[in-house]
Amino acid sequence: MEFLKEWVTNIILFILLATVIDMLLPNSSMQKYTKMVTGLLLIAIILTPIYKLISKDFEENLSSIPSFQVPEKNNMKNNIDLKKKEIQASQHAYILEETAAQLKKEAEEELIKKYGLEIDKINITTNGKSDQAFPDNLQKITVLLKQSSNDGKTVEAIKPIVINTDAPLSSQKSTAESDKIAAYLSKQWNVTKETVDVSIEGGIDQQNG
């Protein structure tokens, strides 16, 4: 853009200067030669961009033209935005991972003591449409539990199998236990009960009921 301004300014100034000289010169044969010289100089000034393109590095001059600069600037801006999003996504994933580890640390010991279950996996979901940052955009904490393998208990004798048709079904019992654990975890983590979703791998062990 600066190059174009300089070029147009030079042309205008030269035309003004040539006009003043033409007015000052007396009406003689010299005026004819003067007009010819000023005309040649004006042509030289108009052709200045072509001289520069030929005499200097072509790509350097081409990049100084605004129409060629805009795509390059846009590409750079897009690359910066892309890198920024990648960094933000990486930071977000790291924060969620660390938070899940902290939640597991806070609750697992009591879970083993109370329910004989340990946390296999915690998945934290956030509201991607929200403008708020974590943890204000927390949407769901999904917890997968499994039977604890670290209870240190001795192997109990096999109990006789008793068929009781009045007892609740295993699935109903599992759902009730999941709700109970979800309520416990929501209290431990200071979130609403609806935020915590608990599932138990393989259902409820009979010894925990």
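Here are questions and answers on a predicted model of a protein chain.

User: How many helices and strands does the protein chain have?
Analyst: Reading from the N terminus, the elements run α-α-α-α-α-β-β-α-β. Each α stands for a helix and each β for a strand. The tally is six helices and three strands.

User: What share of the residues counts as buried?
Analyst: Buried means under 20% relative accessible area. The chain has 209 residues. The share of them that counts as buried is 20%.

User: How are helix H1 and helix H2 oriented, roughly parallel or roughly antiparallel?
Analyst: Two packed helices are described by the angle between their axes and the distance between the axes. H1 covers residues 2-24 and H2 covers residues 29-46; their axes lie 10 Å apart, at an angle of about 175°. An angle over 145 degrees counts as roughly antiparallel. Therefore H1 and H2 are roughly antiparallel.

User: Which class supplies ten residues to the contact of H1 with H2?
Analyst: On the H1 side, the residues include Trp-7, Ile-11, Phe-14 and Asp-22. On the H2 side, they include Gln-31, Lys-35, Leu-41 and Ile-45. Four residues of this contact are polar and two are charged. The class with ten is nonpolar.

User: Which strands stand at the edges of the sheet?
Analyst: The open sheet has three strands in the order S1-S2-S3, with mixed pairing. An edge strand has a single partner, so one of its sides is left without a neighbour in the sheet. The edge strands are S1 and S3.

User: How do S2 and S3 run, parallel or antiparallel?
Analyst: Strands of a sheet pair through backbone hydrogen bonds, either parallel or antiparallel. S1 and S2 are joined by nine bridges and run antiparallel. S2 and S3 are joined by five bridges, and these two strands run parallel.

User: What is the bridge partner of Leu-145 in S3?
Analyst: Leu-145 also pairs with S1, as the partner in S2 of Ile-119. One place before Leu-145, Leu-144 has Ser-199 as its partner in S3. For Leu-145, the partner in S3 is Ile-200.

User: Which helix gives the most to the largest nonpolar core?
Analyst: This core has 21 residues, and those touching the most other members include Ile-122, Val-143, Leu-145 and Trp-189. At least two residues come from each of helix H5 (66-115), strands S1, S2 and S3, and helix H6 (170-189). With six residues, the top contributor is H5.

User: Which residues is Val-143 in contact with, leaving aside its neighbours within four places in sequence?
Analyst: Val-143 is among the core residues that touch the most other members. Contact means heavy atoms within 4.5 Å. The residues are Ile-119, Lys-121, Ile-122, Leu-185, Trp-189, Val-196, Asp-197, Val-198 and Ser-199.

User: Which is Lys-105, buried or exposed?
Analyst: Lys-105 sits in helix H5. Its relative accessibility is 68%. Exposed means over 50%. Therefore Lys-105 counts as exposed.

User: What distance separates the C-alpha atoms of Lys-105 and Ile-119?
Analyst: Lys-105 belongs to helix H5. Ile-119 has a bridge partner in S2, Leu-145. Along the chain, Lys-105 and Ile-119 are 14 residues apart, and their C-alpha atoms are separated by 9.4 Å.

Note on methods: Residues are numbered from 1 along each chain as its sequence is written. This is a predicted model: local features need pLDDT of at least 70, side-chain atom pairs count only at pLDDT 80 or more; totals for chains, interfaces and linings use all residues. Side-chain values use heavy atoms; hydrogens and water are left out. A nonpolar core is a set of buried Ala, Val, Leu, Ile, Met, Phe, Trp, Tyr and Cys residues joined through side-chain atoms within 4.5 Å. Buried means under 20% relative accessible area, exposed over 50%, partly exposed in between (1.4 Å probe, protein chains only). Helices (H or I, at least four residues) and strands (E, at least two) are DSSP runs, numbered from the N terminus. Axes are lines fitted to C-alpha atoms, for helices over the stretch in contact, and angles run from 0 to 180 degrees between N-to-C directions. Angles under 35 degrees count as roughly parallel, over 145 as roughly antiparallel, 65 to 115 as roughly perpendicular and the rest as oblique. Ala, Val, Leu, Ile, Met, Phe, Trp, Tyr, Cys and Pro count as nonpolar, Asp, Glu, Lys and Arg as charged, and the others, Gly among them, as polar. Two strands pair if DSSP finds at least two bridges between them.
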